[in-house]
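The following exercises are to be worked with the sequence and the coordinates at hand. Each task is followed by a solution in steps.

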Amino acid sequence: MRLSNLRGAALFAALLAAAPLGCTSDDDGGAPPVEAAPIEAAEDADAVAAARDDLDALYKGDYRRAFVEKNPDFFLRHIPDDFTSTQVDGSRARAAELRQFFPQFMAAIERTLEHNVTIEQVKVRGDRIEAVVTLTTVLDLRSPAGVVYNEISVGTYLDTFVRRDGTLFEVSGEQLRSSVTGGPRP
Amino acid sequence: MRTRAWLAAALAAAAPALLPPAASPAAAQSAPDAAQAARADLDALYKGDYRRAFVEKNADLFGRHIAPDLRYSSYDGSTADAEGLKAFVAGRIATIERVVEHSVSLEHVTVDEAGRITAVVTLTTVLDLRSPAGTIYTETGVSTYRDAFVKQADGSLLEVSAELLRSHTARAPRP
């Protein structure tokens, strides 16, 4: 199995890090307030904001630590048995394949130089959280030939989570687009 | 095996007008030098057989320019021999649904005393590929190689080595 085939949401999700999440406005230009949103909408907004915070904490927390500390368990403990991923080319992977692949991939990481995540379009549907996540990573990787090279990856995924006993579990990741640039270490 | 270089090399084509290297007035008065001739030969190869191999899905058009002792290497240290390369390219050709775009830029073309031609080649391709899962997706590749050739008695070029210097691949659903 080619390594690149499994570079799905789950994999890159684990590379996440401190990204700006949304933006705020300081505009106080005096425009009249818009009509107040219905209570339901406000509740939805609160749920979405809470979900975004949780995702932010996950990506900057366990997912990042897995790679920085080269400990796959930090990532894999958020991958349930029913996890599935789909790549742009239609290939699929399940939890068992990810659990096999992920530690191997981590072992190839020489250094994580940069990792960044942008979270968009967070939706809460019952106990499920969906988000469009763009991950940017810069890694030094050691090839099977023993050569250390540099790889820049930008991938966008539609990731879905569920909360079980207060912990987020990633149940699916759909790769929407990907870009990988490789070359010698500068 | 990091064969992207070879694949892209085989896809090379339709380069913008390839300008000869700047020449001094004195040089301009002389016959075309070896590097200039080599550049024209490379241009013809990439726009000819290397391109046709993929457009026509005929791997032999590519393979017949691969020297039996060719060596491929990548920035990640991976290597391949001629047979490995040809097998890979044939496999890739089988997945091509459509060649949307292909272009090549040739730089630093040199010819040594033994007649060996070396060039830095950047290949840009846009392909529709069919995955093993049956999904058709679009892949854009930009890769730079240091390729070397020798000219055979019949005037054709034989590629003797290829070194992948950097690569970029983007995948997305077909627009």
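**Exercise 1. Architecture of the chains**

Task: Determine how many helices and strands chain A has, and do likewise for chain B.

Solution. The model is a predicted one.

Step 1. Chain A has four helices and six strands. Along its sequence these elements are arranged as α-α-α-β-β-α-β-β-β-β.

Step 2. Chain B contains five helices and six strands. Its elements, taken from the N terminus, follow the order α-α-α-α-β-β-α-β-β-β-β.

Step 3. In chain A, 33% of the 186 residues count as buried; in chain B, buried residues make up 36% of 175.

Step 4. Consider contacts with a separation of 6 or more. In chain A, 69% of them link residues 24 or more positions apart, and in chain B the share is 67%.

**Exercise 2. The interface**

Task: Identify which element of chain B supplies the largest share of the side that touches chain A, and describe how the two chains are joined by strand bridges.

Solution.

Step 1. The contact involves 17 residues of chain B and 17 residues of chain A. On the chain B side, strand 6 (residues 157-173) gives the largest share, with eight residues.

Step 2. By character, this side of chain B comprises six nonpolar, eight polar and three charged residues.

Step 3. Strand 6 (residues 167-184) of chain A runs antiparallel to strand 6 of chain B, and five bridges join them. One bridge pairs A:Gly182 with B:Ser167.

**Exercise 3. The two sides of a helix**

Task: For helix 5 (residues 82-95) of chain B, establish which residues are buried and which are exposed on the other side, and explain the arrangement of the buried ones.

Solution.

Step 1. Helix 5 of chain B has 14 residues and spans 20 Å from first to last C-alpha, close to the 20 Å expected at 1.5 Å a residue.

Step 2. Its buried residues include B:Leu85, B:Lys86, B:Phe88, B:Val89, B:Arg92 and B:Ile93. These lie on the same side of helix 5 of chain B, because they cover an arc of only 160° around the axis.

Step 3. The general background is that an α-helix has 3.6 residues a turn, so residues three or four places apart point the same way.

Step 4. B:Glu83, B:Gly91 and B:Ala94, on the other side of helix 5 of chain B, are exposed.

**Exercise 4. The nonpolar cores**

Task: Find which residues have the most contacts inside the largest nonpolar core and which helix gives the most to this core.

Solution.

Step 1. The largest nonpolar core has 32 residues, and B:Leu42, B:Leu85 and B:Ile117 have the most contacts inside it.

Step 2. Several elements of chain B each supply at least two residues of this core, among them strand 1 (66-74), helix 5 and strand 4 (117-130). Helix 3 of chain B gives the most, seven residues.

Step 3. Apart from this core lies another, of 24 residues, including A:Ala66, A:Val117, A:Ile129 and A:Phe161.

Step 4. Leaving aside residues up to four places away in sequence, B:Ile117 touches B:Ala38, B:Leu42, B:Val109, B:Val111, B:Ala148 and B:Phe149.

**Exercise 5. Positive phi angles**

Task: State where A:Asp165 is found and where B:Lys57 is found, and give phi for A:Asp165 and for B:Lys57.

Solution.

Step 1. A:Asp165 is in the loop between strand 5 (148-164) and strand 6 of chain A. Its phi is near 55°, a positive value in a residue other than glycine. A:Asp165 is exposed, since 5 other C-beta atoms lie within 10 Å.

Step 2. B:Lys57 is in the loop between helix 3 and helix 4 (60-63) of chain B. Although not a glycine, B:Lys57 has a positive phi of about 55°. B:Lys57 counts as partly exposed, with 14 C-beta neighbours inside 10 Å.

Terms used:
Residues are numbered from 1 along each chain as its sequence is written. Chains are lettered from A and ligands numbered from 1 in the order in which they are written. This is a predicted model: local features need pLDDT of at least 70, side-chain atom pairs count only at pLDDT 80 or more; totals for chains, interfaces and linings use all residues. Two residues are in contact if their C-beta atoms, placed from the backbone, lie within 7 Å. Ala, Val, Leu, Ile, Met, Phe, Trp, Tyr, Cys and Pro count as nonpolar, Asp, Glu, Lys and Arg as charged, and the others, Gly among them, as polar. Two strands pair if DSSP finds at least two bridges between them. A residue is buried if 20 or more other C-beta atoms lie within 10 Å of its own, exposed if 12 or fewer, and partly exposed in between; C-beta atoms are placed from the backbone. The expected span of a helix is 1.5 Å times one less than its number of residues. The arc is that of the directions from the helix axis to the C-beta atoms. A nonpolar core is a set of buried Ala, Val, Leu, Ile, Met, Phe, Trp, Tyr and Cys residues joined through C-beta atoms within 7 Å.
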